[in-house]
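User: I am new to this structure and would like to understand how its descriptions are justified. Could you show it and then take my questions?

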Amino acid sequence: MGITDMQEAFYYRECAAAHENSPLGLHYAMFLPTINKQATPEQKKKWLPLAENYKMIGTYAQTELGHGTFIRGLETTATYDPKTKEFILDSPTLTSKKYWPGCLGKTSNHCVVMAQLYTQGKSHGPHMFMVQIRSMEDHSVLPGIEVGVIGNKFGYGTNDNGFLSFDKLRIPRENMLMRYSQVGRIPRENMLMRYSQVSRIPRENMLMRYSQVHEDGTYVKPQNAKLAYGSMVLIRSSIVSDAARGLAQACVISIRYSAVRRQTEAYPGGEEPQILDYQTQQYRLFPLLASAYSLQLAGKYVFNTYLEVNDQIEKGNLESMPELHALSAGLKAFSTYEASAGIEVCRICCGGHGYSQASGLPKIYVDVVPGCTYEGENTVMMLQTARYLMKCYSRAKQGQKLPGFVQYIGQNLNKKSCMSEEVALGCLVMAYEHRAARLVEAAAMRMQSLIQGGKKQHEAWNGSSVQLFWAAKAHCHLFCVKNFVDAIQAKSLSSKTVTVMKSVCQLYGVHGILENLGEFMQDGFFSGEQVGYLQRKMLALFENIRPNAVALVDAFDYPDMVLGSCLGRYDGQVYQALYDYAKSAPMNQTEIHSTYYKHLKPLINPETTSDAMQFAKL
Ligand SMILES: CC/C=C\C/C=C\C/C=C\C/C=C\C/C=C\C/C=C\CCC(=O)SCCNC(=O)CCNC(=O)[C@H](O)C(C)(C)COP(=O)(O)OP(=O)(O)OC[C@H]1O[C@@H](n2cnc3c(N)ncnc32)[C@H](O)[C@@H]1OP(=O)(O)O
Ligand SMILES: Cc1cc2nc3c(=O)[nH]c(=O)nc-3n(C[C@H](O)[C@H](O)[C@H](O)COP(=O)(O)OP(=O)(O)OC[C@H]3O[C@@H](n4cnc5c(N)ncnc54)[C@H](O)[C@@H]3O)c2cc1C
């Protein structure tokens, strides 16, 4: 392809087979980036050309039957043998078998494996190892390895998610993935020598980045153990845009279809209106359209933040790692929750035809919804964000200045909303900041009261985790609203576009308040009158957006071949497309289906059915 940008390459492949989830998806999305970000320069030199030219096809094998979320609880072991300078990979229990990794069952011949590192009798936590699992000659499974597919799933039918286990498999010491990355002052070419000045092991054996195991088995601690989680942060930062894409495509399909579909007389004897003229259809679809735009902007922001922070990490500055983790974890969860729920609403808004594969919507849904689970189960990710917010809250209470986007935390909560009939964007942002600040404080207060009441830290955490989840969700929602408003106010858009997009942005903010009213009204921040302003504004915005609704989805510019939808076709020829789709169904290639003779005929015309059939009937 010649496309070097990984996200661009991902979306280019998506154009070829949208939401088909390529059997090489993990090779591109996690295997290559893990080598890129976690291998030493020597290891990259050895593996990248092979992997980039499909001489190594791999996946990211971390999750096990018994553990997915709790990485530190993974049971696969990698024990260093100084005599042979090898790691012994083992799956000691049933629950330690790797389970779920994409492209693992039948496609990959290598994988990067997350295993608990043991050396000199001590455990050093999860580390990545390059493991060949199939022969490069005939693709047969190598000795000491069991691998296969996990069977049918909710979706992802084109991906051979698999299981994998090791029976004391030996791999060379050089296969532990450890690129050196955080030494800021020492130039990269010297990095390799950072620890070797201690042990003088040859450069090509340096296992760098955060940690290494020297030939005698000495383990050198990393600067930050969470750097081993880097590939997950990369994908989480990418998933936000992917979720936005899924929601946007569903909006294109359902809004175009709603402009074509006419149903029910608007008044006795009158013509059937476009269903997009029903206010309830607008109430369900237009906020999703606004959300798709908001998540696209959020996806751009978080991926650019990932690139900036990762650049700093590669230079040894880990300062922004916690903020990136909190942002990527929270937005990954927020975006996949919003997109999954939204795609389902789009499907339902298309009536019966929405339930047909011809609509393209089921395929989008089953491709996006696992994003609520993979790359970090959403609730767990939200709680990771909440963990960061609690730290920010205590720093704010100590009078410390907070970084960038969390400066709202710890603000004075005694103020009231400035909301007027006009529903200014600034008042919307203030409302979301107030709600998030209040929920962060409420969660912190809950934790404090439980601890003061004698609960241990982990008991107080669990006893506050619902409120912590609410706080993290409000934080992410604020981010999306503020990021959208900032984009509108950046004046980078033409005046006509600003007018239209301002309405879309306003709708995103107003609808979010009305759908979470309790959290905005609990402390009296909004008066009943101000809620009335918001309700009237929302209905007015529907009317305002209606004339531009189809143009707003056309603007996403997804070609018909990517949408794969009879309902969302650009030319609007829905019914002909549905009929052609039905006619082309494999079962329609014969007038009488073969099963008639075996199953129906004996019921309908038993007298003419053969004796064997009669016998079968007994
Ligand atoms: C450019 C990309 C190329 C192509 C792709 C382009 C576009 C793709 C677009 C979309 C993607 C489309 C499809 C998706 C593609 C692939 C996805 C398919 C399959 C999915 C693959 C997987 O699912 S891989 C397995 C994923 N598994 C997980 O995510 C496990 C989740 N669990 C965890 O992350 C951890 O266990 C934990 C964070 C929950 C807890 O970790 P741990 O127990 O070690 O931490 P502690 O609780 O002890 O301490 C927490 C402290 O550590 C900090 N921390 C935690 N994690 C990080 C991190 N990642 N970075 C920085 N800091 C971290 C945390 O902040 C705490 O710090 P304190 O200061 O509070 O102590
Ligand atoms: C389509 C798909 C593709 C995948 N591809 C890969 C892959 O390529 N490579 C790979 O390694 N893995 C892959 N996975 C696995 C995926 O990463 C895990 O399923 C995911 O990390 C969730 O872990 P789990 O399954 O253990 O869920 P669990 O953690 O068991 O979650 C079950 C429930 O427990 C709750 N829970 C768990 N821990 C906590 C906590 N601390 N606090 C509060 N609640 C908690 C969760 O919120 C959830 O509701 C894939 C999964 C899917 C569905």
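Analyst: What follows is a set of questions about domains, ligands and helices, each answered against its definition.

Analyst: This is a predicted model, in which local features need pLDDT of at least 70 and side-chain atom pairs count only at pLDDT 80 or more, while totals for chains, interfaces and linings use all residues. Residues are numbered from 1 along each chain as its sequence is written, and chains are lettered from A and ligands numbered from 1 in the order in which they are written.

User: How do you know which domains the protein has?

Analyst: The bounds come from an automatic or database domain assignment, and that assignment gives domain 1 (6–223) and domain 2 (230–403 + 414–550). Their centres, taken over C-alpha atoms, are separated by 35 Å. Counting two residues as in contact if their C-beta atoms, placed from the backbone, lie within 7 Å, the contact takes 19 residues from domain 1 and 19 residues from domain 2. On the side of domain 1 that touches domain 2, helix α2 (residues 25–38) gives the most, with six residues.

User: Why is ligand 2 said to lie between the domains?

Analyst: A residue is near a molecule if its C-beta atom, placed from the backbone, lies within 6 Å of it, and 22 residues surround ligand 2, the closest being Q62, T63, G68, T69 and T379. Domain 1 and domain 2 both give residues to this shell, so ligand 2 lies between them.

User: What surrounds ligand 1?

Analyst: There are 36 residues around ligand 1, of which F10, Y229, D242, Y374 and G376 come nearest. α6 gives the most to this shell, with seven residues, and at least three residues are drawn from each of domain 1 and domain 2. With Ala, Val, Leu, Ile, Met, Phe, Trp, Tyr, Cys and Pro counted as nonpolar, Asp, Glu, Lys and Arg as charged, and the others, Gly among them, as polar, the shell around ligand 1 has 20 nonpolar, 11 polar and five charged residues.

User: How do you know that the length of α7 agrees with what is expected of a helix?

Analyst: Helices are DSSP runs (H or I, at least four residues), numbered from the N terminus, and strands are runs of E, at least two. The expected span is 1.5 Å times one less than the number of residues, so the 36 residues of α7 (residues 279–314) should span 52 Å, and the end C-alpha atoms are indeed 52 Å apart. After α7 comes G316, whose phi is positive, near 95°.

User: What makes α8 and α11 a crossing pair?

Analyst: Axes are lines fitted to C-alpha atoms, for helices over the stretch in contact, and angles run from 0 to 180 degrees between N-to-C directions; on that basis the axes of α8 and α11 come within 8 Å and cross at roughly 140°. Residues that meet include H325 and A329 in α8, and M381 and Y388 in α11.
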